[in-house]
Amino acid sequence: MSEKPVCHRCGYMGPEDALYCAHCGRALVPLGIRLTRSINLILSNLSPFHIGFLGLVISVAISAFAAHLVVMELSFPLSLVPLALVIGCGYAYLGWQWNELLTNRSRLVRILLVYVCIGLCLGAVWLVDRRLLSLLSDRSHMVVYEIPGVYRESSSTIRHMSVESGILLPYGLVVMAYCVMIAIAGFLVHRASKRQSK
Ligand SMILES: [Zn+2]
């Protein structure tokens, strides 16, 4: 049995599972624990269909974000390498030992965790790219970034860009196809390594 939480503001003693003080409304448990509890509560009510649907929605969002970075934001072609690695590793890990995750909830937690990490790492790639741009260029020195449909010259202060209209969707599709390929490759590698170890 856990102890009854005591409010630090007014001294009111709540029931064991209380998250907030019934007297003054102050939070009784730290934010992290409250978040975990509410996430677990939401996830335990989801069916496999909803899990799959949520995964699809997030994967489209991640693809759109990656395509946006590739077409609109990145300044160095070299930044495409960490971007591809982040997405590739994320999706390869997604299916890693999937069958050993016994509950749908742990699978969903894995999906969400992987997507959040991919999103954060893509953000980090973007920040590093920007930082490099401001470090390596000044007004007089423009960095040129060129991929099919996109031509961009940028310095720390100026940016000239020409983007073919409608290019964002094809790049989004390329990223999604790449994700699927990596996920399948990760699955095959995992199967092969499992067979080897038997
Ligand atoms: Zn209180």
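Two residues are in contact if their C-beta atoms, placed from the backbone, lie within 7 Å. On that rule, residues 24 or more positions apart account for 52% of the contacts in the protein with a separation of 6 or more. The model is predicted: local features need pLDDT of at least 70, side-chain atom pairs count only at pLDDT 80 or more, and totals for chains, interfaces and linings use all residues. Residue numbers start from 1 along each chain as its sequence is written.

Start with the overall form. The C-alpha trace spans about 65 × 50 × 30 Å along its principal axes. The radius of gyration, taken over C-alpha atoms, is 23 Å. A compact globule of 198 residues would have a value near 16 Å, by the rule of 2.2 Å times the number of residues to the power 0.38. Burial is counted from C-beta atoms placed from the backbone: a residue is buried if 20 or more others lie within 10 Å of its own, exposed if 12 or fewer, and partly exposed in between. By this count, 17% of the 198 residues are buried.

The protein is divided into domain 1 (1-45) and domain 2 (47-197). These bounds come from an automatic or database domain assignment. The domain centres, taken over C-alpha atoms, are separated by 37 Å.

Next comes the secondary structure. Helices (H or I, at least four residues) and strands (E, at least two) are DSSP runs, numbered from the N terminus. The protein has five helices and three strands. Along the sequence they follow the pattern α-α-α-α-β-β-β-α.

Take the helices now. Helix 4 covers residues 104-136, which is 33 residues. The expected span of a helix is 1.5 Å times one less than its number of residues. For helix 4 that gives 48 Å, and its first and last C-alpha atoms are 47 Å apart, close to the expected value. Its buried residues are L108, V114, Y115, I118, L122, V125 and D129.

L120 also has its place in helix 4. Is L120 buried or exposed? L120 counts as exposed because it has 11 C-beta neighbours inside 10 Å. The C-alpha atoms of L120 and P148 are separated by 26 Å, with their positions 28 residues apart along the chain.

V86 offers a view from helix 3 (residues 80-94). V86 counts as buried because it has 20 C-beta neighbours inside 10 Å. Which residues does V86 contact, leaving aside its neighbours within four places in sequence? They are I118, C121, L122 and V125. Of these, I118, L122 and V125 are listed among the buried residues of helix 4. I111 is 25 residues from V86 along the chain, and their C-alpha atoms are 15 Å apart.

Helix 5 runs over residues 168-197. Its 30 residues should span 44 Å at 1.5 Å a residue, and its end C-alpha atoms are 43 Å apart, which agrees. The buried residues here are Y171, G172, V175, C179 and I182.

That leaves the sheet. Strands of a sheet pair through backbone hydrogen bonds, either parallel or antiparallel. Two strands count as paired if DSSP finds at least two bridges between them. Here three strands form an open sheet in the order 1-2-3, with antiparallel pairing. Strand 1 and strand 3 (159-163) are the edge strands, and each pairs on one side only. Neighbouring strands are turned by 5° against each other on average, direction ignored. Such angles run from 0 to 180 degrees between N-to-C directions, with axes fitted as lines to C-alpha atoms, for helices over the stretch in contact.

Strand 1 (residues 143-147) and strand 2 (residues 150-154) pair over five bridges. V144 has E153 as its bridge partner in strand 2. E146 stands opposite Y151 in strand 2. The hairpin of these strands has two residues between them, and in it G149 takes a positive phi near 90°.

On the other side, five bridges join strand 2 to strand 3, and the two run antiparallel. V150 stands opposite V163 in strand 3. Y151 stands opposite S162 in strand 3. The hairpin of strand 2 and strand 3 has four residues between the strands.
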